[in-house]
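This report describes contacts at three levels: between helices, between domains and between chains. Please consult the sequence and structure shown here.

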Amino acid sequence: MKKLLALALCMAMTAGMLAGCGNSVSTSDTNTSKSSESVASESGTSESSYNFDAGESEYPSADELEPHKIGVIWYGYTDQLSTSMKKNMDYLASEFNVELVYAEAYLAEDCISETENLIEAGCEGIMTLGLFAAMVEKCEEAGVYLAQFCNVVTDDEILGMIADSKYFAGMITESDVSGGEMMVEDLYERGCRNIVWLSLQAGASANHDNRVRGIEAEIEKYGDLNVLATYRGTDISEALTTFAVTYPEMDGILITGGDVEEYYQVMTSEGLSGNVVLATFDIGEGTGERLESGDLGWIAGGQAPTSGIAFSLLYNAITGNKILDDLTQPLYRNFLILQSVEDYDNYVKYLEGNIPAYTGDEIKALIKAFNPEADLALYEEYNTNYSIDDIVERHADLFQ
Amino acid sequence: MSSQCLLETKGIYKSFGPTRALVDVNLKINRGEVRGLIGENGSGKSTICSIIAGAQTADEGEMILKGESFNPKGNVDAQMQGISMIVQEAGTISGITVASNIFLGNLKQFTKGGFLSLRKMNQAAKKVLEEIGIPEIDPTALIDTLNFEDRKIVEIARAMYSEPEVLIIDETTTALAQKGRTIIYNTIRKMQEKNKSVLFISHDLEELMKVCNTITVLRDGNFIGTLTKEEMAIDKLRRLMVGRDLSGSYYRADYDGSCDDEVVLEFNQVTTGVNVENFCAKLHKGEILGLGGLSDCGMHEIGRAAFGIDKLLTGNVKLVKEGKNLIITGPEMAIKNKIGYVSKDRDKEALILTASIKDNIVSPSLPLLSKATFISPASEKKMSQEQVKTMEIKCYSDSQYCNELSGGNKQKVVFSKWLANGSEIFILDCPTRGIDVGVKANMYALMYELKKAGKSIIMISEELPELIGMSDRILILKDGVISGEFTRNEVLSEHDIIEYMI
Amino acid sequence: MAEKVLAKEREEEKQRQAELIHQMKRKNRINAIVPFLGLIFIILFFAIVTGGRTVNSSNLINLVNQSYTLIIVCVGAAFVYGYGGMDMSVGYVQGFISVIIAVIAMNHGVPVWMILPISIICGMLISSINGIVSVCTRVPVFVVSLCIMNICKGIVATAVADTDIYMPYSEYSGWNNNVLKAIVLTVIIAAGYYVFEYTQIGKKMKVMGGNITTAKHSGINVTKYTILAYVIIGATVGTVAFFTLTRTGVVTASTGSGLMLDVMTAIVLGGFPLFGGAKAKIRSAVVGAVTVSVLGNGLTIWGLNPNYVDGVKGILFLIIVYISYERKKGEIFN
């Protein structure tokens, strides 16, 4: 009986630990917006596919295209962001007559195994979150194209392998460093002079580390910006509570993301509302209210469409066209930044609704085989123009 | 006469898979009767009792209680209808109080509007405990704070609170010392006085004959016969149980208590954390040294000390081997020097129930079997099959698991462990506890053979007849010190010894 | 008259006994292949649903590569689970070793061939702490290994705090070599099989798993064998740490973190008794490890919609456990 109990306990703990792992992985590496599920339900659309009338197209439709098979190595359904990413990729797959094969992997070992499996499954290209030397090697041997999204490799040896690779299609990610810079800038302009910043422990996530880099660099620029305290660890909410008590003069908070709703609650319970402005990542439930009340000044998110751009890189490669000259240089994309209730309303309408951030035609415009003018410059235009206003401008007519 | 009949079973059949546990068992128990039930292990005694008590259902047959058909849905149901049972294995649930244990599964009577009145329950528990004659147990105490003996008494209380018409006692006394036994005997007497019935199972024939009016014998699930008080005789009962004459005498026949002068094991001022104080004794070559007393007198601890299981507070146990003195430091060292230990708790300490007979037998002999790190399956098989053969262990093969064996056969496996590795000194703690007469006789014969072969034996036992019957010398302990010493002779009786025990 | 009846009954009894022995023997023969049924089923299943893709030669090489680490660790785990212990720390111990050997390899100019022995020795030392602490403090090893796991996790996280440690992949990828791996795998399985099934070490551990008190009373030095079990699993984890590093070329904060769960899953799927004892067999651990890898490999190649993957996985698990567990009639938990 005791042994049974021990077993049950052990299973429960294991499950708990895994759940914990899963969360930290997701929050750290793909900039979760945990509660956008409710965002979706607010806007009344929780279907797993888009639904809009694209009108006439100058590009070939799916049934005119040759079928292709592309593998995706992702972290699985860890959070809402992964769900929107999958929705976006599934949409593009149907637009391009591509069959997607998903494989769940986070650890280096597993990413390599899944690469082997996807090659075996007959994929012509693989898009992956994690990238390791053996993967480049295996794809090279098998003649399968490979692209990385939402993460970038920094190791020189892998970069060296990529540079010489025939089958590497590129890397694309959000610009975390500039995200960090922007949030400091925003708070400074709002008049905040006594700030604190909080983030995950160093090494837990490359994205968060880069945002911290941006924050630190930007703070250097201002002589009269006073950093009261900093925190790096897993218990951000707890640390925030401590700061609230210790530093009554605090007027600005920077957090690199995570469980944003919990931060809102701390702000309310500690009486920070009205006196302190928060800047953070990961759009989710409560974002609208907090933007309205002024507790929240700046919030970044909207990474899901990055997968679509990565998809187009891979599709270009499969159809025999190279976009990037220097494969070791990642493409950087803007975050979507919300600073007002109006921004948030547009975000709900244009990103969480029935229309993707980029329609099939807009992605097809990036494919050299369909649009001979597609080149690196066009990609950069897409990436740096990416903003709420940009989407509103492009898609306003789809709502008529 | 028929109005006298309280409980009757008619043509009960029960099988467990291929094993037939009961075949056409007909029992008739009258009011005021104390019925003994005997049989070898596996003869179906416990099975028929648990069917009557509602814990199992029969495959076939019917039961009649007080003239009406009786089909209990479970043991609580049976208890409500007037049949209570005290079981063989410890049946209390740890972590709750004495009172909760007594009224287990029957809390309704103290519950009002969904709330349990602890006060009422404790009062009722107190009353029951007083009635059976043990007011010193506190009903609010956690059951875990009680010793084994008192826990058993709590079980008696659990069986008695419902004032049953029929009380079934399944081999409970074997686990009890004098105090518990007295309570059971008193309980039985009271039942009899109230014109109710008792069904009493025991391996102890003397006990049965003392307590019961009639004795029913079962063998291999078959009803063999019922003897009245006048017909009872130990030899007859044994013959009926085993189905053949037990050849030779039960205990050893000689009264020669002498042995070699050579000392093989010496206890020097042994004091253990529990009970034993400054125990000194010598075990000689070829001697059977009996250790007796009440169950908490410290004799079990001495057995453990001789095998090096527990740390001693002071003193030591010295092993004399080839003229050299060695101090016992632990079981590993003791086994290396040819000491074997049969624990009194067979299932928990001496055997791996979930392993085969073979694995059990070879377990202390692994270093002997290992040839240049390799233990060949053939050598293991040879060792275990030799033992299965000489010990006549009943099994279909030596790969049969021990939890499928009867108590007697399990004990044979335990003995085999130490015979197989060629032990010279045997420490036997209650070697015949809970095993039937057939195997008992085997064990006694074996011990005598070992003695004659020059092996030395320490036999620790709560049963005086076997101590008297087998030992060359008996040491009686009381509260951890030696209170009497007896050498083997014809006239030694239980009566002579008992006064040194209490 | 009564004597005659009795004699007849005895004769019947004898016949029944003989029949029973025959039944048992037949059952034993069937049981010998039962543990493999789950694996055979899952291989056939994927071969069918993927149209044979999973059983062609290139994928079989993939499978060896993918199951390699798990098989090796499961051989070690058989000793730990066999004696009735448990090891929650395997994964992060692997992470810790990876950090050590990566640092040694990068900074100290140690020749490559020395890295493997260093890795194995580190594994034995670190893992043995589980056993030593548990024996000395009498804290259950489950708890101790949980603590060791956290300590190792912390060390790894600190070590890679600034940046992940990358090994010179090109220098080591030569060691990521199928022939070498096959030899190491064969040697480890053979050695594990021999030690677990045919020597005092394995047999004594099984006795401990069956009943620890009996083990003590049978003269088994349970302290020594407890520690030894962790030394053995440590050696396998050390081996795996080296070969994983030659394959991935990088140490991150999560290196090895999936191993513990994989080992437990393999132990369960292989029909290895979770609390050890006489039924513990190396073969179950190996079969379990291969089954886990075949499952992962097959599910991806099948290309099932991720919405259904977990559900299908659960059903397949249940089927495997159902057909490969030896159950007694009426017994729920074996």
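## Helix packing

Angles between helix axes under 35 degrees count as roughly parallel, those over 145 as roughly antiparallel, those from 65 to 115 as roughly perpendicular, and the rest as oblique. In this predicted model, helix H13 (residues 341-350) of chain A packs against helix H16 (residues 388-395) of chain A at an angle of about 50°, and the two axes lie 10 Å apart. H13(A) and H16(A) are therefore oblique to each other.

The crossing of H13(A) past H16(A) is left-handed. H13(A) contributes Asp343(A), Asn346(A), Tyr347(A) and Tyr350(A) to the contact, while H16(A) contributes Ile388(A), Ile391(A), Val392(A) and His395(A). By class, the residues of this contact comprise five nonpolar, two polar and one charged.

## Domains of chain A

The domain assignment divides chain A into domain 1 (63-174 + 303-335 + 358-386) and domain 2 (176-301). Between the C-alpha centres of these two domains of chain A the distance is 32 Å.

Four residues from domain 1 of chain A and five residues from domain 2 of chain A take part in their contact. On the domain 1 side, the residues are one nonpolar, two polar and one charged.

## Interface of chains A and C

The contact between the chains involves 35 residues from chain A and 36 residues from chain C. On the chain A side, the elements giving two or more residues are helix H1 (2-29), strand E2 (98-104), helix H4 (108-120) and helix H5 (133-142). H4(A) gives the most, with ten residues.

The chain A side of this interface consists of 21 nonpolar, six polar and eight charged residues.

Note on methods:
Residues are numbered from 1 along each chain as its sequence is written. Chains are lettered from A and ligands numbered from 1 in the order in which they are written. This is a predicted model: local features need pLDDT of at least 70, side-chain atom pairs count only at pLDDT 80 or more; totals for chains, interfaces and linings use all residues. Domain bounds come from an automatic or database domain assignment. Two residues are in contact if their C-beta atoms, placed from the backbone, lie within 7 Å. Ala, Val, Leu, Ile, Met, Phe, Trp, Tyr, Cys and Pro count as nonpolar, Asp, Glu, Lys and Arg as charged, and the others, Gly among them, as polar. Helices (H or I, at least four residues) and strands (E, at least two) are DSSP runs, numbered from the N terminus. Axes are lines fitted to C-alpha atoms, for helices over the stretch in contact, and angles run from 0 to 180 degrees between N-to-C directions. A crossing is left-handed if the near helix is turned anticlockwise from the far one by less than a right angle, and right-handed if clockwise.
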